[in-house]
Amino acid sequence: MWRELAPVGRHPDSGGYRRHAWSAADLECRAWFRAQAEARGLGYETDRNGNQWAWLGDPLAGDAVVTGSHLDSVPDGGAFDGPLGVVSSFAALDELRRRGVEFTRPVAITNFGDEEGARFGLACVGSRLAAGQLTVTDAHRLRDADGIALPAAMERAGYDPEAIGPDPERLARIGAFVELHVEQGRALDLTGDPVGIASAIWPHGRWRFDFRGEANHAGTTRLADRRDPMLTYAETVLAARREAELTGALATFGKIAVEPNGVNAIPSLVRGWLDSRAADQATLDAVVTGIERAAREHADRAGIDLAVVRESFTPVVDFEHALRDELATILEGSGDTGRPVPVLGTGAGHDAGILSASVPTAMLFVRNPTGISHSPAEHAAEDDCAAGVEALADVLEGLACS
């Protein structure tokens, strides 16, 4: 499975993946998912929001145990973020069939659409729509960098954009959702464990900073006469690092747009996107407030106009303690080391976090030896991936089998 999926959407120059929502690469990934489902005799369907489902048992029976993740990527992302969870889900089902277990609850594998938000700027679009956390009106307003609206992209890909919206009946049929994911950090590498359990997802959000100055000639305008928004943006980037260090949070300006974007022109507009995350809401509020305060101070001194818009926000997600504890009991009982399975928090958002407001959710993490993610250098060792499959199979057996 890994060899089949690995070439899809891989850029020949960067070595990273560009599987953006509703693109040709995304559609190829979706075709791969359907083929895997049909090869196993699973019932296949696509829901109203474009999320894919592969069912073992009756989808309408209720109390289903669902696993899976996503197949789309960030720009030039790694091979494991998302796909590891989907591939491992199919492999875990294969393992359970090899064990000859008897299923007492329906089981489903899912691929949630547009988790990364790389194309339209909002993460977890598929799960947000299903959970009613993104309105149809707001979804229809989403545009990519070329001005293509989400409905138009869906329609070009053969999906009906008029059908999107909340899907409470489907979510009500889910008794538990367990998402396996490569760890996006080094906590497991530091403890020496191949697999861990998630405790919570930090609160996080994205803010757009618009710095407006005055376009002018780079070769003739005196430094003293310039209203250069790039300088204010640069000061804000440095302020973000300082505020993050002071508060113990994370703050990153990772995307920028410049107008007129000429090498010999002073910019008239610099637009930067801030991603910030923290272990709790108070800390997140403090770091973002500090960054905006510093940005406005620098802007005022330089004669730059500043507008700040919060584009998305996800509050802290504490995964359901009962399900989390059940996973820990299952894995500690199936292991041969006698060690408890580590429980760790994460600053990365996931579909499991979105669904947690509607259904009981939990997550498993597979060790990432370098901690690198959202990069072609993202990696997990084959032995650890196999351990993740075994852990997921154990969990599914404990939850869905007699």
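Visitor: How many salt bridges does the structure hold?
Guide: This is a predicted model. Side chains of opposite charge can pair when their charged atoms come close. In this structure the number of salt bridges is 23.

Visitor: Which residue forms a salt bridge with D63?
Guide: D63 sits in the loop between β2 (52-56) and β3 (64-69). Its partner lies in the loop between α3 (83-99) and β4 (107-111), 42 residues apart, so the pair links distant parts of the chain. The closest N and O atoms are 2.9 Å apart. The partner is R105.

Visitor: Is R105 buried or exposed?
Guide: Buried means under 20% relative accessible area. R105 has 19%. Its partner D63, at 43%, counts as partly exposed. R105 is therefore buried.

Visitor: What is the N to O distance in the salt bridge of R186 and D189?
Guide: R186 is partly exposed, at 37% relative accessibility. D189 is partly exposed too, with a relative accessible area of 26%. Their side chains meet with an N to O distance of 2.8 Å.

Visitor: Which helix holds both E292 and R296?
Guide: E292 and R296 form a salt bridge, with the closest N and O atoms 3.0 Å apart. E292 is partly exposed at 24%, and R296 is partly exposed at 32%. The two residues are 4 apart, about one turn of the helix. That helix is α10 (residues 281-302).

Visitor: Which residues are linked in a network of salt bridges?
Guide: A salt bridge joins a Lys or Arg nitrogen to an Asp or Glu oxygen. In this network, R98 and R99 are linked with acidic residues. The full set is E95, R98, R99, E390, D394 and E397.

Visitor: Which element gives the most to the largest nonpolar core?
Guide: In soluble globular proteins, nonpolar side chains tend to be buried together. The largest nonpolar core here has 36 residues, and L327, L364 and L399 have the most contacts inside it. At least two residues each come from α3, β5 (174-182), β6 (195-201), α11 (321-334), β15 (361-366) and α13 (382-400). With 9 residues, the top contributor is α13.

Visitor: How many residues are in the other core, which lies apart?
Guide: This core is apart from the largest one. Among its members are F177, A352, I354 and F365. Its residues number 24.

Visitor: Which residues are in contact with L364, leaving aside its neighbours within four places in sequence?
Guide: L364 is among the residues with the most contacts inside the largest core. Contact here means heavy atoms within 4.5 Å. Leaving those neighbours aside, the list is V178, E179, L180, H181, G196, I197, L327, L331, A391, L392 and V395.

Visitor: What is the bridge partner of Y44 in β2?
Guide: Strand β1 (residues 43-46) pairs with β2 in the antiparallel sense, over 4 bridges. The hairpin has 5 residues between the strands, and G50 takes a positive phi near 85°. In β2, the partner of Y44 is A54.

Visitor: How do α2 and α3 run relative to each other, roughly parallel or roughly perpendicular?
Guide: The axes of α2 (residues 24-39) and α3 come within 11 Å and cross at roughly 10°. W32, F33, Q36 and A37 in α2 meet V86, V87 and F90 in α3. Angles under 35 degrees count as roughly parallel. The two helices are therefore roughly parallel.

Notes
Residues numbered from 1 in each chain as written. Predicted model: local features only at pLDDT ≥ 70, side-chain atom pairs only at ≥ 80, totals over all residues. Heavy atoms only, no water. Salt bridge = Lys/Arg side-chain N within 4 Å of Asp/Glu carboxyl O. Buried < 20%, exposed > 50% of the residue type's maximum accessible area, 1.4 Å probe, protein only. Core = buried A, V, L, I, M, F, W, Y, C linked by side-chain atoms within 4.5 Å. Pairing = 2+ DSSP bridges. Axes fitted to C-alpha atoms, helices over the stretch in contact; angles between N-to-C directions. Parallel < 35°, antiparallel > 145°, perpendicular 65-115°, else oblique.
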